[in-house]
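Q: I am new to this structure. Please pick one part of it and look at it closely, explaining how that part is placed and what it touches.

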Amino acid sequence: MSAALSDDFKARAVAEEMETGASVSAIEHRIGIHTSQLFCWRRDAALNSPIS
């Protein structure tokens with residue numbers, strides 16, 4: 001399922017997860033992804049972000 005999700009959708013989910021007090025489990029259940037998927041998206045975003 002996650003392959004069909006847009007990069008923008010994944011970026012918004014990662015941004016939400018990074019907010020103070022955010023519940024990773026609640027986000028995952030709300031958007032319907034596997035438990036580890038959000039952490040993979042966060043890792044991928046960190047690897048693909050430009051170094052400042």
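A: The model is predicted, and the mean pLDDT of the chain is 86, with 88% of its residues at 70 or more. Confidence is highest in helix 2, at a mean of 93, and lowest in helix 3, at 90. The chain has three helices and zero strands, which gives the pattern α-α-α when read along the sequence. Of its 52 residues, 25% count as buried. Among the contacts in the chain with a separation of 6 or more, 44% are between residues 24 or more positions apart.

The part chosen here is helix 1, which covers residues 7-18. A check on its length comes out as expected: at 1.5 Å a residue, its 12 residues should span 16 Å, and the end C-alpha atoms are 16 Å apart, which agrees.

Next comes the question of which side of the helix is covered. Lys10, Ala13, Val14 and Glu17 are the buried residues in helix 1. Seen down the helix axis, these residues fall within an arc of 100°, so they line one face of helix 1. What they pack against is helix 2, at residues 24-31, together with helix 3.

One of the buried residues, Glu17, also takes part in a salt bridge. Its side chain meets that of Arg42 at 2.8 Å, N to O. Glu17 belongs to helix 1 and Arg42 to helix 3, so this salt bridge ties together parts that are 25 residues apart in sequence. The two partners are not covered to an equal degree: Glu17 counts as buried because its relative accessibility is 8%, under the 20% cut-off, whereas Arg42, at 31%, counts as partly exposed.

A second link between helix 1 and helix 3 is made by aromatic rings. A pair of aromatic rings is described by the distance of the centres and the angle of the planes. The count for the structure comes to one aromatic pair. This is Phe9 with Trp41, at 6.3 Å centre to centre and with 80° between the planes, an edge-to-face arrangement. Phe9 lies in helix 1 and Trp41 in helix 3 (residues 37-48), so the pair ties together parts that are 32 residues apart in sequence. Phe9 is partly exposed, with a relative accessible area of 23%. Trp41, by contrast, is buried, at 5% relative accessibility.

Helix 1 also holds a salt bridge within itself. The side chains of Asp8 and Arg12 meet at 3.6 Å, N to O. Both residues lie in helix 1, four residues apart, which is about one turn of the helix. Asp8 has a relative accessible area of 48%, so it counts as partly exposed.

For the wider setting, the whole structure has four salt bridges. Those of Asp8 with Arg12 and Glu17 with Arg42 are among them. Another joins the side chains of Arg43 and Asp44, at 3.1 Å, N to O. Arg43 is partly exposed, at 46% relative accessibility, and Asp44 is also partly exposed, at 31%.

To return to helix 1: its buried residues pack against helix 2 and helix 3. Two side-chain pairs described above also tie it to helix 3, namely Phe9 with Trp41 and Glu17 with Arg42.

Note on methods: Residues are numbered from 1 along each chain as its sequence is written. Side-chain values use heavy atoms; hydrogens and water are left out. Rings of Phe, Tyr and Trp (its six-membered ring) pair if their centres lie within 6.5 Å; planes under 30 degrees apart count as stacked, over 60 as edge-to-face and the rest as tilted. Buried means under 20% relative accessible area, exposed over 50%, partly exposed in between (1.4 Å probe, protein chains only). The expected span of a helix is 1.5 Å times one less than its number of residues. The arc is that of the directions from the helix axis to the C-beta atoms. Contact means heavy atoms within 4.5 Å. pLDDT is the predictor's confidence in each residue, from 0 to 100.
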